[in-house]
Amino acid sequence: MSEIEEQFASIYTRNMFLEVRNQITRSEKYNVVRHHKLKASNICTIEKYLSKDHPKRKVTFNCIEKEISCDCYWLETKGIPCRHVFAAMKHLHLSDIPRNIIKNRWLKECKYIYLSSPDAQRRFVNPNMISSKRYGGINSQANLFLYYCKKSPKVQQRGMKLMSTLLVEMQKMVEDVGEEEKTINGAVHEVHDGIKEPHPVATKGRPPQSKSSQQNSSQKSAKARICRVCKKSGHDYRNCKVRKRKCEESMEEDDDDFE
């Protein structure tokens, strides 16, 4: 399974490759106890070694579509192939990874694949950002092309012919779709320019005021004090002159009665 492991290491990110390698390692504990063909499919029954209570799994490989699946649904739930799939691949002597078990979201070039979709391009306001991402995606493929071209003179000559033919086709494509790209970029800017600023919403509570306005409002809102004895404003019960006068008169009367 070293070839399969190397292929996953070359296309998957490091974290997801470690998850896949863990499943490859665990596949060594599983054996194929039954293998039969049904039309264009190979069906393998997988059983865990020295574990009778462990449920058996069925792995189906379509020879025409080159697709493989397992009834444990690990690929559908986790996004990576399960250990049963690797055990079946080892039994069937498969050296290439089936395309259906490779998920684009775990690839190293996932961001470049994502940016190639029209929906993702509408998210970027600046078209230069889109072009730089496209350049980064094609740069890795170009470096790989150059790596193979330098291996031998024959491969180099073949690569030069392919490159010259490809350059002519690319120049024609750029000239043909030049106007279309302009309209697309213009539409992208129209979409973003049409977005208006959100309406401001008044927050809860009283709006801030200056000190002078606060003093004026406090003076207006404050109620005038009214004495409960004389019913006049400007003083309270403690400072009422009428009350004090009545208290003095009552004290004088008490003194006269005492004498």
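These are my notes from looking around this predicted model.

**Ground rules.** Residues are numbered from 1 along each chain as its sequence is written. Since the model is predicted, local features need pLDDT of at least 70 and side-chain atom pairs count only at pLDDT 80 or more, while totals for chains, interfaces and linings use all residues, and side-chain values use heavy atoms, with hydrogens and water left out.

**Core.** I started with the largest nonpolar core (buried Ala, Val, Leu, Ile, Met, Phe, Trp, Tyr and Cys joined through side-chain atoms within 4.5 Å; buried is under 20% relative accessible area, exposed over 50%, partly exposed in between, with a 1.4 Å probe and protein chains only). It has 29 residues, and F8, Y12, M89 and I101 touch the most other members. Among the elements that each supply at least two residues are α1 (2–11), β2 (41–48) and α4 (83–92). Helices are DSSP runs of H or I, at least four residues, and strands are E runs of at least two, numbered from the N terminus. The largest share, six residues, comes from α4.

**S140.** I found S140 in helix α7 (residues 127–149). S140 counts as partly exposed because its relative accessible area is 30%. Its C-alpha atom is 9.1 Å from that of E109, 31 residues apart along the chain.

**L167 and K244.** Next I looked up L167, which sits in helix α8 (residues 153–176). L167 has 47% relative accessibility, so it is partly exposed. I placed K244 in helix α11 (residues 241–258). K244 is partly exposed too, because its relative accessibility is 43%.
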